[in-house]
Structures are given as structure tokens and as C-alpha cells.
Amino acid sequence: MAVPTELDGGSVKETAAEEEPRVLEPGAAPFGNFPHYSRFHPPEQRLRLLPPELLRQLFPQSPENGPILGLDVGCNSGDLSVALYKHFLSLPDGETCSDASRELRLLCCDIDPVLVKRAEKECPFPDALTFITLDFMNQRKRKVLLSSFLSQFGRSVFDIGFCMSITMWIHLNHGDHGLWEFLAHLSSLCHYLLVEPQPWKCYRAAARRLRKLGLHDFDHFHSLAIRGDMTNQIVQILTQDHGMELICCFGNTSWDRSLLFFRAKQTIETHPIPESLIERGKEKNRLRF
């Protein structure tokens, strides 16, 4: 995610000038708006942990159901969004035109308009992936933009939400209550959630980068009461406070972040979990709570 401001209509030259310091000083991205994020956290590290048949198992297709709807919060420049789309539909490399948009549609949002513009420009599946600039913590704009997308399909919630390495930035910039509120909103909008929390060591590293650059520290960093084992903290908030059920952990990336898969408890009857997924989750779950 990125700085909560919108472009003021500056020229292309001015926009390019804005981006250059962000490349040279990634620590100056207090909302996680790293312009080349996928270079040091490549999508393949997540994809190798996720079963490609996951969505098709959870949501068997029928004409009356319409496409599977996904929400990707904090999509950055869209590299991971595109990779997830191709992975879950088993699309070959180089595929740029497909009827698969009738099977899966993703709404991808980020707070940084520069990154969103780049995502729109470079996306090979413009009919299937929609990129919008949105500060997810802005309740009014969130409601308008997400409802507008969902109403196109006659839906009120998304089938699945993706929250990949976003929780720390929400937490640092909005405090404990902001994190709790963010997870509440997200869980109310999705039948399923795939969450990749950042561990506490990433919080310290982010704060240290700001200090090295002589910038102000995060407003809430020193006052956070929710700290320590952030994976466990996220699980507790979602399961105890927001009506989610932890199905499994798909494993850990090479940078030691867990991929946690949740289901809203009220969807147990309408969206049963395939036995094969349950068994896979038991085998790969490395978490003990």
C-alpha cells in the first residue's frame, strides 16, 4: 500500500520525478508503496505454496453462479494480482487473451495512484482484473467503490479476499484499533480470506529505515499493544472477534511469512470445504495455537 494522497494533475515529467526518490530510498515509503516490490518478494514464492485448483474446488462453476469474485487489497503495481489470476486458472505463460474472465474476476486496490496506473498499463488481462485507487480505511470511498463493483454481478460480498503483506502498514499507520477495524471490514466483505501477516521483526525494520533517512517515526509504533507473534495475533483477532475460522496454513515463504487461509463461519453450509483441501491443510499446517 502507499501514501494516502491523490495525484494533483501534474505532468508526466513531474510524476516521473516523484517516482525516482522512491526507487532510491525505499525506506521513505511509509505505507509500503515500494515501486518494485516484486523484485525482492517475487510472486512465485507464494504461488508454490498455493494449490492451483483451490478456487475451482471451493466454487464449482455453473452458469447461474457467474464468475468467482476476488478482492486484492494493497495490490501495489499488480504483479502478484496477475500471478494469482494466472495461477488459479492454470493459464500458461504468455497467455494474454482468454475467456477465463467469465470464471474469475479480481478487483485490485491500492492507495498509491502511481502504482495503480502502472498496474493498469501493464496488466495482460484488462477484462478480468480491475485496478482502482482506494485508501481501504476510508469508509465512505470503500463502500462506494466496492459496492459499485459487486453490483455489476448482483453480489453483496466477494468470494475471496487477498491480504498479502498489508497488515503491518495498516497497523503502523492506524494503530491497534485501525488493525482491528481493517480486519473487521475485510472479514465482512469476503467468504474466504488469504492473509500473509508481516512478523514483528518487519515492524522494527520499517521503523529503522525511516530513522536512518531522518524521517518521522510511525505515529503508533511505540504505543502498539498488539505486538510479538503477529501471526498468532492476526489469527486471534479474525477467529475470536470477527467470526472467521482458520482452515489451514499453506506454509511459509522464503522470507518467513505464513499464508493463512480463513473462512467466514456463516458460509460453512453454503461453501463446504473439499476433503482434499482439509487433508492438505492438515499436512502443511505448521502453526500451533
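Me: Let's start with H8 and H9: which residues of H9 do Thr 167, Met 168, Trp 169, His 171 and Leu 172 in H8 meet?
Reply: Glad to, bearing in mind that this is a predicted model. A contact needs heavy atoms within 4.5 Å. On that basis, the residues met in H9 are Cys 202, Tyr 203, Ala 206 and Arg 209.

Me: And by class, how many residues in the contact of H8 with H9 are nonpolar, polar and charged?
Reply: Arg counts as charged, while Thr and His fall among the polar residues. Sorted in this way, the contact of H8 with H9 has 1 charged, 2 polar and 6 nonpolar residues.

Me: Is H8 roughly parallel or oblique to H9?
Reply: The axes of H8 and H9 (residues 200-212) come within 11 Å and cross at roughly 60°. The crossing is right-handed. Since angles under 35 degrees count as roughly parallel and 65 to 115 as roughly perpendicular, H8 is to H9 oblique.

Me: What about H10, then: is H8 roughly parallel or oblique to that helix?
Reply: Here the axes of H8 (residues 167-189) and H10 (residues 230-241) come within 9 Å, with a crossing angle of roughly 30°. Because the cut-off is under 35 degrees, H8 is, with respect to H10, roughly parallel.

Me: Which residues of H10 make the contact with H8?
Reply: The two helices pass each other in a right-handed crossing. H8 brings Thr 167, His 171, Leu 179, Trp 180, Leu 183 and Ser 187 to this contact. Over both sides, the classes are 7 nonpolar, 3 polar and 1 charged. The H10 residues are Met 230, Ile 234, Ile 237, Leu 238 and Asp 241.

Me: Just ahead of H8 sits Ser 165; what is notable about its phi?
Reply: Most residues other than glycine have a negative phi. Ser 165 lies in the loop between strand E4 (158-164) and H8, and at 5% relative accessibility it is buried. Although Ser 165 is not a glycine, its phi is positive, at about 55°.

Me: Where does Asn 76 lie, and is it buried or exposed?
Reply: Asn 76 also has a positive phi of about 55° without being a glycine. Its place is the loop between strand E1 (68-73) and helix H5 (79-89). Buried means under 20% relative accessible area, and with its 7% Asn 76 is buried.

Me: How many of the 11 residues of H5 are buried?
Reply: The buried residues include Leu 80, Val 82, Tyr 85, Lys 86 and Phe 88. They pack against H3, H4, E1, E2, E3 and E4. Just after H5, Ser 90 takes a positive phi of about 55°. H5 is largely enclosed by the rest of the structure, and its buried count is 10.

Me: Over in H6, with which residues is Ala 119 in contact, leaving aside its neighbours within four places in sequence?
Reply: Ala 119 belongs to H6 and is buried, with a relative accessible area of 2%. Its C-alpha atom is separated by 9.7 Å from that of Leu 129, 10 residues apart along the chain. The contacts of Ala 119 are with Phe 131, Gly 78, Ser 77 and Asn 76.

Me: At the start of H6, what does a side-chain oxygen of Asp 112 reach to?
Reply: H6 covers residues 113-122, and its buried residues include Pro 113, Val 114 and Arg 118. The side-chain oxygen of Asp 112 comes to within 2.8 Å of the backbone nitrogen of Val 114.

Me: How far apart in space are Phe 153 and Leu 69, C-alpha to C-alpha?
Reply: Phe 153 lies in the loop between helix H7 (139-151) and E4, where it is partly exposed at 21% relative accessible area. Leaving aside neighbours within four places in sequence, it is in contact with Pro 67, Leu 69 and Arg 105. Phe 153 and Leu 69 are 84 residues apart in sequence, and their C-alpha separation is 8.9 Å.

Me: To finish with the whole chain, what percentage of contacts between residues at least 6 apart in sequence join residues at least 24 apart?
Reply: The protein has 11 helices and 7 strands, and 55% of its 289 residues count as buried. Among the contacts you ask about, the share joining residues at least 24 apart is 75%.

Note on methods: Residues numbered from 1 in each chain as written. Predicted model: local features only at pLDDT ≥ 70, side-chain atom pairs only at ≥ 80, totals over all residues. Heavy atoms only, no water. Axes fitted to C-alpha atoms, helices over the stretch in contact; angles between N-to-C directions. Helix = DSSP H or I, 4+ residues; strand = E, 2+ residues; numbered from the N terminus. Parallel < 35°, antiparallel > 145°, perpendicular 65-115°, else oblique. Left-handed = near helix turned anticlockwise from the far one by under 90°. Buried < 20%, exposed > 50% of the residue type's maximum accessible area, 1.4 Å probe, protein only. Polar contact = N/O pair within 3.5 Å; in protein donor to acceptor, adjacent residues only side chain to side chain.
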